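The following exercises concern strand pairing, aromatic contacts and the surroundings of a ligand. Each task is followed by a solution that proceeds step by step.

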Amino acid sequence: MPERLADHTTLRLGGPARTWVRATSETELVDAVRRADEVGENVLVLAGGSNLVVADEGFEGTVVEMATTGVSADHEGDDPTCGGVLVTVAAGESWDRFVAQAVERGWVGVEALSGIPGSVGATPIQNVGAYGQEITETLLSVEAYDRNLGRMVTFTPAECGLGYRMSVFKHVDRWVVLSVTLRLHRSDLSMPIRYAELARALGVAVGDRAPLADVRATVLKLRAGKGMVLDPNDPDTYSAGSFFTNPVIDAETFAGVRERAEVEVPSWPGEDGTVKVSAAWLIEHAGFTKGYSGDGVAISSKHTLALTNRGRGTTRALLDLAREIRDGVRERFGVELRPEPVLVNCEL
Ligand SMILES: Cc1cc2nc3c(=O)[nH]c(=O)nc-3n(C[C@H](O)[C@H](O)[C@H](O)COP(=O)(O)OP(=O)(O)OC[C@H]3O[C@@H](n4cnc5c(N)ncnc54)[C@H](O)[C@@H]3O)c2cc1C
């Protein structure tokens, strides 16, 4: 029986893969990708499957499952610039398990990223971020296998081109991330809290620090309340996280949105005159409320941005729902929503 992608994605959707290789070491990983490249076979690198929407028809090629492990902090204390620690983590490691370990050991800089599903190697792919923190703030380098050159390469943060849910790696199959090195501080206190909701929940002011373990616990609690921590018993978490990114639009388009909205629109000004607008707000005000459903799929009952599989959904139905929402927002506000997950063998 071919392996089904549905058994490896948090949406629990996706048809069969032609070939499946589970790579537990860098050698196995690179060999599998190299072998496929030599015969011109399509390759899908899959880790936690938490940012993937895969067609019901599946994937005509080789899925290489990242299962490499290892956390090394050999240079602990060697970084005089921050009195911290340089940690290199294998791409296949669970991101949240790593964050838990970091918090336990007093390594500061990733605590607000608690509860994000998936692997360490995927964190630079879309510059994961949450509750006022992004991986770009602690990323020191990325080791990758370059499929064009057939050899290992090292990326500096600048070379990673990290932006809002974006990097040089996203939607590009050229590089396989093998490991990630982070520069973390050492303290019992977190980085300054930047996110108002988190600060409120912690009972501190924005800009204050809080005990590291409290920040992790509070983030996990806030996330769970929004169905943003994986829970096999909660179909609101059968998602790919936020389905749409917050659109970044020019000032003129934003003026048009405000005119049509007739009320204040949640937004964040960018440095270059652009404005980032809340996708959740646009969706709700275009008439799509929490729980709005399609055929076996629905907007999460806890979070407007998460499109979920209610257990008997299909990728086709999920994309139909996504299209309906995208078109509704375009019609109401003149703004184009774009998907955050990577779509495999399907499109919006
Ligand atoms: C409930 C839930 C909550 C979420 N919350 C957040 C959040 O708060 N913030 C946020 O930013 N994201 C969030 N996400 C999205 C997702 O968890 C992240 O993007 C995560 O980093 C994806 O990791 P993964 O290992 O599951 O990647 P996968 O889904 O397996 O892969 C995603 C993409 O990255 C590629 N890829 C993965 N690993 C590698 C590698 N080693 N080398 C090259 N390419 C690779 C894949 O080919 C694919 O294109 C959430 C998702 C869910 C389901």
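**Exercise 1. Parallel sheet**

Identify the bridge partner of Ala17 in β4, and then place the two strands in their sheet.

Solution. In this predicted model, Ala17 has Phe59 of β4 as its bridge partner. The pairing extends beyond this position: β1 and β4 (residues 59–66) are joined in the parallel sense over 6 bridges. The next step is to consider the whole sheet, which is open and consists of 3 strands in the order β1-β4-β2, with parallel pairing. Since β1 (17–23) and β2 are the edge strands and each has a single partner strand, one side of each is left without a neighbour in the sheet. From one strand to the next, the twist averages 25°. As a general principle, strands of a sheet pair through backbone hydrogen bonds, in either a parallel or an antiparallel arrangement.

**Exercise 2. Antiparallel pairs**

Determine how β10 and β11 are joined, and describe the connection between them.

Solution. Strand β10 (residues 139–146) and strand β11 (residues 151–155) run antiparallel and are joined by 5 bridges. Within this pair, Tyr145 is located opposite Met152 of β11. The two strands form a hairpin with 4 residues between them. In the turn, Gly150 has a positive phi of about 70°.

Now establish the strand order of the open sheet that contains β13, β14 and β15.

Solution. The order of these 3 strands is β13-β15-β14, and the pairing is antiparallel. At the edges are β13 (248–249) and β14 (267–269), each of which pairs on one side only. Between β13 and β15 (residues 275–277) there are 2 bridges in the antiparallel sense. Ile249 is found opposite Val275 of β15.

**Exercise 3. An aromatic pair**

Classify the arrangement of the rings of Trp95 and Phe98.

Solution. Searching the whole structure yields 8 aromatic pairs. For Trp95 and Phe98, the ring centres are 5.8 Å apart and the planes are at 50°, so this pair is tilted. Both residues belong to helix α2 (residues 95–104), where they are 3 residues apart, about one turn of the helix.

**Exercise 4. The ligand shell**

Describe the shell around the ligand by nearest residues, polar contacts, composition and contributing strands.

Solution. Begin with proximity: 32 residues surround the ligand, and Val45, Ala47, Ser50, Ser119 and Val177 come nearest.

Next, examine the polar atoms. Ser50 places a polar side-chain atom 2.6 Å from an oxygen atom of the ligand. For Ser119, the distance from a polar side-chain atom to a ligand oxygen atom is 2.7 Å. Val177 contributes through its backbone, with an N or O atom 2.8 Å from a nitrogen atom of the ligand. On its own, the ligand has 970 Å² of accessible area, of which the protein covers 93%.

Then sort the shell by class: 18 residues are nonpolar, 11 are polar and 3 are charged.

Finally, assign the strands. At least two shell residues come from each of β2 (43–46), β8 (129–130) and β12 (175–186). Of these, β12 gives the most, with 3 residues. The strand β2 thus appears both in this shell and at an edge of the parallel sheet of Exercise 1.

Terms used
Residues numbered from 1 in each chain as written. Predicted model: local features only at pLDDT ≥ 70, side-chain atom pairs only at ≥ 80, totals over all residues. Heavy atoms only, no water. Near = heavy atom within 4 Å. Polar contact = N/O pair within 3.5 Å; in protein donor to acceptor, adjacent residues only side chain to side chain. Areas by Shrake-Rupley, 256 points an atom, 1.4 Å probe, with all protein chains shown as cover. Nonpolar A, V, L, I, M, F, W, Y, C, P; charged D, E, K, R; others polar. Pairing = 2+ DSSP bridges. Axes fitted to C-alpha atoms, helices over the stretch in contact; angles between N-to-C directions. Phe/Tyr/Trp six-rings, centres within 6.5 Å; stacked < 30°, edge-to-face > 60°.
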